[in-house]
Structures are given as C-alpha cells and as structure tokens.
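I opened this model to look up a few residues and the helices around them. My entries follow in the order in which I made them.

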Amino acid sequence: MLNHRLIRLAARGTRSVSGLPRATKRWIMVLSDMVMITAALWGAFALKPDSLTPPVEAAPTLVIVALLASIPVFSTLGLYRAVLRFLGARALWTICGGVAISTAILYVYDALSPMIGVPPSIWLIYSVLALLNVAGSRLQERQAFNAPLHNRGAAREVIYGAGNAGARL
C-alpha cells in the first residue's frame, strides 16, 4: 500500500518535471549526481570501521576533486543526454565505467598528494556507493516515470500469434 502511494507521488513529481525544458532537466541530473557523489564519498568514510569522518583538512579537497572527476566524465560518456524513460543495460554499463574512471582519478590524486593519505579500501567503498547512488537514482526515476504507463486500469489481454500487429496493440 505504502509502495503504491510513493510511486504515485513520484509519478506526480515526474509529470511536473517532464514538462521542463531539456536543459533544465540536465541541470537537475547534474545537481542530483553532485549530491549523490558527495554522499558516496562521505558514506565511504562512515562505513570504514576506524573512522566516521574524512580527514578534516582533506574533506573539502576530496569532495571538489570527486566532483571535478565525476561530472565531466559522466558528461563525456553521455549520461546527461540519456532519456531516463528508456534507460537500459547499456546506460548502466556506462554508469559503471564512469564511476570506475572517477574512482581511478581520485585514487591517483590521493597517491600523488602525500598529505591526504586515504586508505585504499575507502576507494572501493566509494565506488560501490557511487554506483548504487547514481544508478539507483536513475532507475528510481525511470520506475516513477513508467509507473503511470503500466497502471492505466485497462484490462490486460494476451494475443497469441498476432506478430507485430499484436505487439503494437
């Protein structure tokens, strides 16, 4: 019951966003990714057993480098051109590649910057959280957008042997 209410609420929000210009929707996706990447970085430090916070002196630098590494990579890979309604396996593989590249950039930055010294396990946790956050937000939006299309209240019918004509129905 609660799940259906949440889906209807998300679908209502999706309808209001779907009327916005494409450029505005791209900026919403970029801002969402910025929040998700920052949360993934902070979550990686919180999930590490020996510390709950990143090194205080390095936290702003790590967040800035994470955003500067991730957003341009995602843009170059075309994640902000994708139409979420038709998000498929190829886009998910692209998100995996983008997260892997941004994690590698962060790891190299950490290796070249001796004052930070982040444990390597943080980057593994970060990559998993970033993948879950970025891919999960897009899949949730796709689910919310497609929910009204599947719940129209019409009777479902099976047409056997109709070929392409049946698929168009």
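**Leu 77 and the surface.** I looked up Leu 77 and found a relative accessibility of 36%, so Leu 77 counts as partly exposed, since that class runs between the cut-offs of 20% and 50%. The model is predicted, and I read every value here with that in mind. Leu 77 lies in the loop between α3 and α4, the latter being residues 89–112. I then asked which residues join Leu 77 in a nonpolar surface patch. They are Ile 101 and Ile 105, and the patch made with Leu 77 covers about 220 Å². I also noted Gly 78, which follows α3 and has a positive phi, near 90°.

**Leu 79, in that loop.** Is Leu 79 buried or exposed? Its relative accessibility is 3%, so I entered Leu 79 as buried. Leu 79 is found in the loop between α3 and α4. Setting aside residues up to four places away in sequence, I listed what Leu 79 touches: Met 29, Phe 74, Ala 91, Thr 94, Ile 95 and Arg 138. I also took a C-alpha distance, and Leu 79 is 9.5 Å from Val 30, with their positions 49 residues apart in sequence.

**Helix α3.** I checked the length of α3, residues 59–76. Its 18 residues should span 26 Å at 1.5 Å a residue, and the end C-alpha atoms are 26 Å apart, so the span agrees with the expectation. I wrote down its buried residues: Ala 59, Leu 62, Val 65, Ala 66, Leu 67, Ala 69, Ser 70, Ile 71, Val 73 and Phe 74.

**Phe 74.** From that list I picked Phe 74, which is placed in helix α3. Phe 74 counts as buried because its relative accessibility is 1%. What does Phe 74 contact, leaving aside its neighbours within four places in sequence? I found Asp 33, Ile 37, Leu 79, Tyr 80, Gly 98, Val 99 and Val 134. I measured nothing at the bench here; the computed C-alpha distance from Phe 74 to Val 30 is 9.2 Å, and the two are 44 residues apart in sequence.

**Asp 33.** I followed the contact of Phe 74 with Asp 33. Asp 33 lies in helix α2. I noted a relative accessibility of 0%, which means that Asp 33 counts as buried. Which residues does Asp 33 contact beyond four places in sequence? I listed Ile 71, Phe 74, Tyr 80, Val 134 and Arg 138.

**Helix α4.** I ran the length check on α4 too. α4 has 24 residues and reaches 35 Å from its first C-alpha to its last, close to the 34 Å expected at 1.5 Å a residue. Its buried residues are Ala 91, Ile 95, Gly 98, Val 99, Ser 102, Thr 103, Leu 106 and Asp 110. Among these, Gly 98 and Val 99 are contacts of Phe 74, while Ala 91 and Ile 95 are touched by Leu 79.

**Aromatic pair.** How many aromatic pairs does the structure hold? I found one. Trp 123 and Tyr 126 form that pair edge-to-face, with 6.3 Å centre to centre and 85° between the planes. Trp 123 and Tyr 126 are three residues apart in helix α5, residues 120–150, so about one helical turn separates them. An α-helix has 3.6 residues a turn, so residues three or four places apart point the same way. Trp 123 counts as buried because its relative accessibility is 3%. Tyr 126, at 0%, therefore counts as buried as well.

**Ala 46.** I placed Ala 46 in helix α2, residues 22–47. At 32% relative accessibility, Ala 46 is therefore entered as partly exposed. Ala 46 and Ile 125 are 79 residues apart in sequence, and their C-alpha atoms are 9.9 Å apart in space.

**Whole protein.** I ended with the totals. The protein has six helices and zero strands, in the pattern α-α-α-α-α-α along the sequence. Of its 169 residues, 33% count as buried. The accessible surface comes to about 10900 Å², and carbon and sulfur atoms hold 66% of that. Of the contacts with a separation of 6 or more, 73% are between residues 24 or more positions apart.

Conventions
Residues numbered from 1 in each chain as written. Predicted model: local features only at pLDDT ≥ 70, side-chain atom pairs only at ≥ 80, totals over all residues. Heavy atoms only, no water. Helix = DSSP H or I, 4+ residues; strand = E, 2+ residues; numbered from the N terminus. Expected span 1.5 Å × (residues − 1). Buried < 20%, exposed > 50% of the residue type's maximum accessible area, 1.4 Å probe, protein only. Patch = residues over 30% accessible without salt bridge, like charges linked within 9 Å, V, L, I, M, F, W, Y side chains within 5 Å. Areas by Shrake-Rupley, 256 points an atom, 1.4 Å probe, with all protein chains shown as cover. Salt bridge = Lys/Arg side-chain N within 4 Å of Asp/Glu carboxyl O. Phe/Tyr/Trp six-rings, centres within 6.5 Å; stacked < 30°, edge-to-face > 60°. Contact = heavy atoms within 4.5 Å.
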